[in-house]
Amino acid sequence: MSDAQLSGVGVSPGRASGPVVKITESIEEPASSPGPDDPYAEAALVAPAAQAVTARLEAMAETATGDAAAILLTTAAMASDPALLSQAEQLVTAQRIPAARAVYEAANNFAQALASAGGRMAERVRDIQDVRDRIIAEILGIAPPGVPEPATPSVLVARDLAPADTAGLDPAKVLALVTEEGGPTSHTAILARSLGIPAVVAVRGVLAFDAEAISVDGDTGTIEAVDPSAPVVAATAAGAAEWNGVGETSDGHRVKVLANVGGPVDARAAAEAGAEGVGLFRTEFSYLDADDEPSVEQQRVAYTAVLEPFRGKPVIVRTLDAGADKPLAFLDPEVEPNPALGVRGVRVAFDRTGVLDRQLEAIAGAAADSGAEVSVMAPMVATAEEAAWFAERVRAAGIARAGVMIEVPAAALTAREVLDAVDFVSLGTNDLAQYTFAADRQLGAVAKLNDPWQPGLLRLMALVGEAAKATGRPAGVCGEAAADPLLARVLAGLGVTSLSMNTGSVRAVGASLAAVTLADCERAAQAAVAAPTAQAARAAARDA
């Protein structure tokens, strides 16, 4: 690779080029002195500042849709977290430090705890840092951190971007995004796809890259210096508006195009975007901020609100995906040396069957209330024996269809036996990649290993596709890999029968499938699986 070119992980397709705007780091670390004359009056500054930040983020969420709205609401909830505010106030009064410094230290304590937990909890570290900086800015009366709107269409380059910053970007002014950190499942990646902006993450050295203008290829992950006087090239979401709403290839082979949702806001947005149903309903939203386990009735009401926009349509509900990497107080989790490999997902239910059974009761009730065609699947299943155990409990709860997620390589290798025990499987490519390559999906230094085009991952998915064909049972994909329009064709060629993704990618993926035949997809799949590298796999699929 030349000195005029860098490489990262393409996470949002498309190509664009134009002038560079580099985003500065977050606000400076607040001083710990001088101490306040009245620590109780100083501590009283924390809550109003947090309330102002929360209100601002909620107002942004009201003007957003889909993934952006959901992420902004989550960030707003973090800004008003009682535990965070209480710890900051106590630091002011106990250590007699300024309120801004106390917020900084309290937020960093939370961030360190999330980072050490690993997995999905680590994904929220950047969110905490963003909330921290916004509250500090409010206390100090300075401009909050954020991305300045470019005067002319530009390529934004940053170390990383906070969810609130990414959600508020104007696609008319932002040609593409490039970050030094992040990975394929980061909020930057998800929101860039939702906004239709080409994006490349984990580009090491990009902040020091000496170029006034660059081209960005969100498909190949390459960044290249270009002539600053060259015309600006804006990306287009080719074909996204040409989809008729039915997930199928041009010769009629059915591949359902579904959405991933995590609450009522994004469920409504998914329905409006034309999703044929839901391939992954994450139920954690009703648990994460609860000190006690929600009652069956509370869960039933919460789930019904998500299911109602999909009356008469398929919805796959994932049972509680909690454990050491997503600690919930009422589960009384034990400290584990390696949380990502600990008691999480369905493993929590083995010792706490009542938690699972009560959730299944609530899901069955919500299915009846909403009229949606509900199926249920378990996360982190490793063996056929575990799959059979889960399916038995689902059917005992009166729910007709039981499935499991394929996130552990062992489950992919024994997919035929797993499918003999359940009605369907769904590939969670985010976790499957990180467990296959022993690479934390939030760590920029190993982000290239979590590229869904990696041949090792494609070959595991091919095994699952073969098992689905042999057993005649459905196999879906609900990881971020499903949001790539080109990779969607490869997955269809591998035997996948449904694709579930962020709302913003639904139409582009539907249009991509509609433009090719099943034979085209199978040729692309064969070429990609045979390739030696992720980059070669992507190129081979495109050529095929």
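Does tryptophan 389 count as buried, partly exposed or exposed, and at what relative accessibility? At 24% relative accessibility, tryptophan 389 counts as partly exposed, because the buried class ends under 20% and the exposed class begins over 50%. The legends below describe close-up views of a predicted model.

**View 1. An aromatic pair joins helix H12 to helix H14.** Phenylalanine 350 and tryptophan 389 form an edge-to-face pair, with 4.9 Å from centre to centre and 80 degrees between the planes. Phenylalanine 350 belongs to helix H12 (residues 346-351) and tryptophan 389 to helix H14 (residues 384-396), so the pair links distant parts of the chain, 39 residues apart. Phenylalanine 350 counts as partly exposed because its relative accessibility is 32%.

**View 2. A buried aromatic pair brings together strand E10 and helix H11.** In the model, the count of aromatic pairs comes to two. In one of them, phenylalanine 281 meets tyrosine 303 edge-to-face, at 5.9 Å centre to centre and with 85 degrees between the planes. Because phenylalanine 281 lies in strand E10 and tyrosine 303 in helix H11 (residues 296-307), this pair ties together parts that are 22 residues apart in sequence. Both phenylalanine 281 and tyrosine 303 are buried.

**View 3. Eight strands close into a parallel barrel.** The order of the strands around the barrel is E9-E10-E11-E12-E13-E14-E15-E16. From one strand to the next, the twist averages 30 degrees. Strand E10 (residues 278-282) and strand E11 (residues 314-318) run parallel and are joined by three bridges. Within this pairing, valine 278 stands opposite valine 315 in E11.

**View 4. Eight strands form an open sheet with mixed pairing.** The strands of the sheet follow the order E1-E8-E7-E3-E4-E5-E6-E2. Its edge strands are strand E1 (5-7) and strand E2 (9-12), each of which pairs on one side only. The twist in this sheet averages 30 degrees from one strand to the next. Strands of a sheet pair through backbone hydrogen bonds, in either the parallel or the antiparallel sense. Strand E3 (residues 15-22) and strand E7 (residues 213-217) pair in the antiparallel sense, over five bridges. Proline 19 stands opposite alanine 213 in E7.

**View 5. Helix H9 lies across three strands of the open sheet.** Helix H9 (residues 187-195) lies across E2, strand E5 (174-179) and strand E6 (199-201). The helix runs at about 50 degrees to E2.

**View 6. The largest cavity is lined by 25 residues.** The structure holds four cavities of 30 Å³ or more. In the largest cavity lies about 250 Å³ of space. Of the lining residues, Gly10, Pro184, Arg193, Pro452 and Glu480 lie nearest the centre of this cavity. The elements that give two or more residues to its lining are E2, helix H17 (429-437) and helix H22 (534-543).

**View 7. Threonine 75 is a buried residue of helix H3.** Helix H3 spans residues 66-79 and includes threonine 75. Threonine 75 counts as buried because its relative accessibility is 0%. Leaving aside residues up to four places away in sequence, threonine 75 touches Leu57, Asp127, Asp130, Val131 and Pro163.

Conventions:
Residues numbered from 1 in each chain as written. Predicted model: local features only at pLDDT ≥ 70, side-chain atom pairs only at ≥ 80, totals over all residues. Heavy atoms only, no water. Pairing = 2+ DSSP bridges. Helix = DSSP H or I, 4+ residues; strand = E, 2+ residues; numbered from the N terminus. Axes fitted to C-alpha atoms, helices over the stretch in contact; angles between N-to-C directions. Contact = heavy atoms within 4.5 Å. Phe/Tyr/Trp six-rings, centres within 6.5 Å; stacked < 30°, edge-to-face > 60°. Buried < 20%, exposed > 50% of the residue type's maximum accessible area, 1.4 Å probe, protein only. 1 Å grid on protein atoms, 1.4 Å probe; cavity = no way out; pocket = protein on both sides within 12 Å on 5 of 7 lines; lining within 4 Å. Points joined across faces, edges and corners; volume = space filled by probe spheres on them.
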